[in-house]
Amino acid sequence: MPPGKRRAYAAEYKVEASHRVIDTGRTIAEVARELGIDPGMLSVWVKDERRRVSAAEVVGDRPLEGAERAELLRLRRQVADLEKDNAFLVKASAYFAAMQRNPRGSS
């Protein structure tokens, strides 16, 4: 990545990357290399996720398991795709409504 250019990562990506370390016992360096991200950044994410999981356990919450997280991510992607489809249909409907009001060739 060119110097000075920063990337933003979604919270879901950070959590999933962190759990690749936490759940599997693999090293941060190994997972960071696999994902193509900075190991220091992944280390911070892992530390934050471990802290979040510990805090949740104190109040009796249990973290999502791997399969539950995967299903949540799949559903979020599905919702995002449906929102894109809806936005397209709104634009297409407006276009066709305008075309019916003003057919081609008429003045």
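Here is a short briefing on how two helices pack and what lies around their contact.

This is a predicted model, in which local features need pLDDT of at least 70, side-chain atom pairs count only at pLDDT 80 or more, and totals for chains, interfaces and linings use all residues. Residues are numbered from 1 along each chain as its sequence is written, and side-chain values use heavy atoms, with hydrogens and water left out.

**The helix pair**
- The axes (lines fitted to C-alpha atoms over the stretch in contact, with angles from 0 to 180 degrees between N-to-C directions) of α1 (residues 11–22) and α3 (residues 39–58) come within 9 Å and cross at roughly 85°.
- Helices here are DSSP runs (H or I, at least four residues), numbered from the N terminus.
- α1 and α3 are therefore roughly perpendicular (65 to 115 degrees) to each other.
- Residues in this contact (heavy atoms within 4.5 Å) include Tyr13, Ala17 and Ser18 of α1 and Leu42, Trp45 and Val46 of α3.

**Ser18**
- Ser18 sits in helix α1 and is buried (under 20% relative accessible area, 1.4 Å probe, protein chains only), with a value of 1%.
- The Ser18 side chain reaches the backbone oxygen of Trp45 at 3.2 Å.
- Beyond its neighbours within four places in sequence, Ser18 touches Leu42, Trp45, Val46 and Glu49.

**The nonpolar core**
- The largest nonpolar core (buried Ala, Val, Leu, Ile, Met, Phe, Trp, Tyr and Cys joined through side-chain atoms within 4.5 Å) has nine residues, among them Ala17, Val21, Leu42, Trp45 and Val46.
- α1, α2 (28–35) and α3 each supply at least two residues of this core, and α3 gives the largest share, three residues.

Conventions
Angles under 35 degrees count as roughly parallel, over 145 as roughly antiparallel, 65 to 115 as roughly perpendicular and the rest as oblique. Buried means under 20% relative accessible area, exposed over 50%, partly exposed in between (1.4 Å probe, protein chains only). A polar contact is a pair of N or O atoms within 3.5 Å; within protein, one must be able to donate a hydrogen and the other to accept it, and residues adjacent in sequence count only if both atoms are side-chain atoms.
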